[in-house]
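Work through the exercises below with the model open. Each task is followed by a stepwise solution.

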Amino acid sequence: MEDLSVYEQNNLLYSQEKLSKYRPGGYHPVSLGDTFKDGRYEIHHKLGWGGFSTVWLAHDKDQSQWVSVKIMRANTSQGSQELYNLQLLADRSQGKPSARYIVSVLDSFTHQGPNGTHLCIVFELLGPSVSKVVDDYHSFGDDLEMDIILRMSEQLLEAISLIHEAGMGHGDISGENIAFSCTNLSHATKEELFGILGSPEVEELARLDGKPLDNSLPKQLVKSAEWETWVDEDEEDIRILDFGEAFLQGNEPKVLAQPGQLRVPELIFTDTFDYRVDLWRAGCMIHAFIFGSYPFYYLGEDEVLVSQMIGFVEKLPKDWQPIWEQMKLNFKRDLGRLEDNQVSELDRRLSRREPDPIRNRLVSVIRKLMRFVPSSRIEASEALALLRSEQDASYDTCTSIFSPHDTSQ
C-alpha cells in the first residue's frame, strides 16, 4: 500500500482514486492537456474513476465535440469484456429505438504508457450519474418530480428489455452505472461546459523529500467533476453504462460482483443466477428514484440484509426457509425486530407522500420486479407495459406495498 505521508499533503490524495493503483499493470497516469491517438483527444477534466479505470473529459479535435474517454487499467485491458459486450449489443439491437438508452461507443484504441498497454474506450459525453442527481435532490429535502421519475423508470426498463431481448444480462444495474445524456453540452464552448461541470481542481503531486516521482505516478491529482450547476434531468435521457459484468444468457459467470445493498437474494440462498438479477436491481433503482435511497442498507451482515428483504418483499420460499433458520441461529441479535422496524420505516416513507396515480403504478412495478424467486419476477417489457397503462395499478394507500404477502411459488 502506498505510503501517502511521503507526499505533500492535500485532500485529493485521499478523496480520489488510490495512488497505489498507479503502478505497472494499474492506472495510466493522466495530466490535463495530455493527448491520445496522435493528438486527436485532448484531456480537459476528470469525470470519474472506478476500480478498473479512470474516465476523462476530452475534446475530439476531428469531430469538434466533447467526449468521455475511459482508460482501463493495464492488467484488465486485454481481458476486458466491456467493449466486446457493447459491440455485441449494438449488433443485436440495430434499428431499435430503445438502443438510445445504452451508452454510445464512438471509438476505441490502445495506448502504451509507463504502466503498460491500456484499452481506451471513447463514449459520447455523459452527464452526472443518476445517483448524484438523486442524492443532490434529497440532500436539499426535495424529491424528483413524478413525471421525471416515470420517464427515467420507463427508459431504464426499455434499456433492460433491449439487453434481455439481445440474449444478454447487464449484471450490474446501479445508480452509478446509469448516467444522464449530455447532448445539450456536447458542442458547447469550454467556458460553457466548465460553467456546468465546475473548473478542474488540481494539486501537483510532489514528494516531501524532493526526490523525483516514480514514472508510474501521475504528475498531478485531479478532482472528479461535480456538475455543480446541472439542471437538465428534465430534458436529457438516461444511459446505461459499464458493461464489464455483462454476460450472455446461458453463459453466466461463476462470480458476480455486487454492492452489498444491491445483492440479489438468489446469490445469498443459492449459487446460481441469470439475467433476472437485472429485474431485482431495476426495482431497487425505481425505489431510489422515489425515495432517494436503495430499499436496504448493508453493513456486511447477510442476516440483517435478508431480514429487511423479508419485510420488504414477501415470505421466503419454502426451499430457502431452512437456510434462513440456520442463519438466524448463527446470528447474535434479534432479527425479528429489525424486520418489523424496516416495514414501519417504509410505511412511514409512503405515508408522508400525497397519493399519486403515477406513484401507484411505480409501486406496483417495484412489487412485481422484486420477488425472491427469479421466475416470479415480471419481465422488463411487462413492467414497462404496466407503467404505461392508463389505469392505475390497484393500490390501497392504507396498506404498505412492502408488507409480506402470500406467495405460492
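**Exercise 1. A bridge partner**

Which residue in S6 is the bridge partner of serine 108?

Solution. This is a predicted model. Start with the two strands: S5 spans 105–113, and S6 covers residues 116–124. They pair in the antiparallel sense over eight bridges. Now read off the partner of serine 108: isoleucine 121 in S6. Next, check a further pair. Threonine 110 stands opposite leucine 119 in S6. Finally, look at the connection. S5 and S6 form a hairpin, with two residues between them.

**Exercise 2. The sheet**

Give the strand order of the sheet, and find which strands are at its edges.

Solution. Step one is the order. Six strands run S1-S2-S3-S4-S6-S5 in an open sheet with antiparallel pairing. Step two is the edges. S1 (35–36) and S5 (105–113) each pair on one side only, which makes them the edge strands. Step three is the helices on the sheet. Helix H3, residues 82–92, packs there and touches S4 (65–72), S5 and S6. The direction of H3 makes about 35 degrees with that of S6. Helix H6, residues 190–197, also packs on the sheet. H6 touches S2 (41–49), S3 (53–60) and S4. Its direction makes about 10 degrees with that of S2.

**Exercise 3. Strand S6**

How many bridges join S4 to S6, and why is S6 largely enclosed?

Solution. First, count the bridges: five join S4 to S6, and the two strands run antiparallel. Second, take one pair. Lysine 70 has isoleucine 121 in S6 as its bridge partner. Isoleucine 121 is also the partner of serine 108. Third, turn to burial. The cut-off for buried is under 20% relative accessible area. Eight of the nine residues of S6 are buried, so the strand is largely enclosed by the rest of the structure.

**Exercise 4. Two helices**

Describe how H5 and H8 are arranged, and classify the residues of their contact.

Solution. Take the geometry first. The axes of H5 (residues 146–165) and H8 (residues 277–291) come within 10 Å and cross at roughly 170 degrees. Angles over 145 degrees count as roughly antiparallel. H5 and H8 are therefore roughly antiparallel to each other. Then list the residues. The H5 side includes Ile149, Met152, Leu156 and Ile160. The H8 side includes Leu279, Ala282, Met285 and Phe289. Last, sort the contact of H5 with H8: 11 residues are nonpolar, two polar and one charged.

**Exercise 5. Asparagine 10**

Is asparagine 10 buried or exposed, and which backbone nitrogens does its side chain reach?

Solution. Locate asparagine 10 first: it lies in the segment before helix H1 (12–15). Its relative accessible area is 12%, so it is buried. Now follow the side chain. A polar atom of it lies 3.0 Å from the backbone nitrogen of leucine 12. The side chain also reaches the backbone nitrogen of leucine 13, at 3.1 Å. Beyond four places in sequence, asparagine 10 touches Glu203, Glu204 and Leu221.

**Exercise 6. Isoleucine 268**

Where is isoleucine 268 found, and how far is leucine 305 from it in sequence and in space?

Solution. Isoleucine 268 is in helix H7, residues 266–269. Its relative accessibility is 15%, so isoleucine 268 counts as buried. Leucine 305 is 37 residues apart from isoleucine 268 in sequence. Their C-alpha atoms are 9.8 Å apart. Leaving aside neighbours within four places in sequence, isoleucine 268 has contacts that include Arg263, Leu305, Val306 and Met327.

How values were computed
Residues are numbered from 1 along each chain as its sequence is written. This is a predicted model: local features need pLDDT of at least 70, side-chain atom pairs count only at pLDDT 80 or more; totals for chains, interfaces and linings use all residues. Side-chain values use heavy atoms; hydrogens and water are left out. Two strands pair if DSSP finds at least two bridges between them. Helices (H or I, at least four residues) and strands (E, at least two) are DSSP runs, numbered from the N terminus. Contact means heavy atoms within 4.5 Å. Axes are lines fitted to C-alpha atoms, for helices over the stretch in contact, and angles run from 0 to 180 degrees between N-to-C directions. Buried means under 20% relative accessible area, exposed over 50%, partly exposed in between (1.4 Å probe, protein chains only). Angles under 35 degrees count as roughly parallel, over 145 as roughly antiparallel, 65 to 115 as roughly perpendicular and the rest as oblique. Ala, Val, Leu, Ile, Met, Phe, Trp, Tyr, Cys and Pro count as nonpolar, Asp, Glu, Lys and Arg as charged, and the others, Gly among them, as polar. A polar contact is a pair of N or O atoms within 3.5 Å; within protein, one must be able to donate a hydrogen and the other to accept it, and residues adjacent in sequence count only if both atoms are side-chain atoms.
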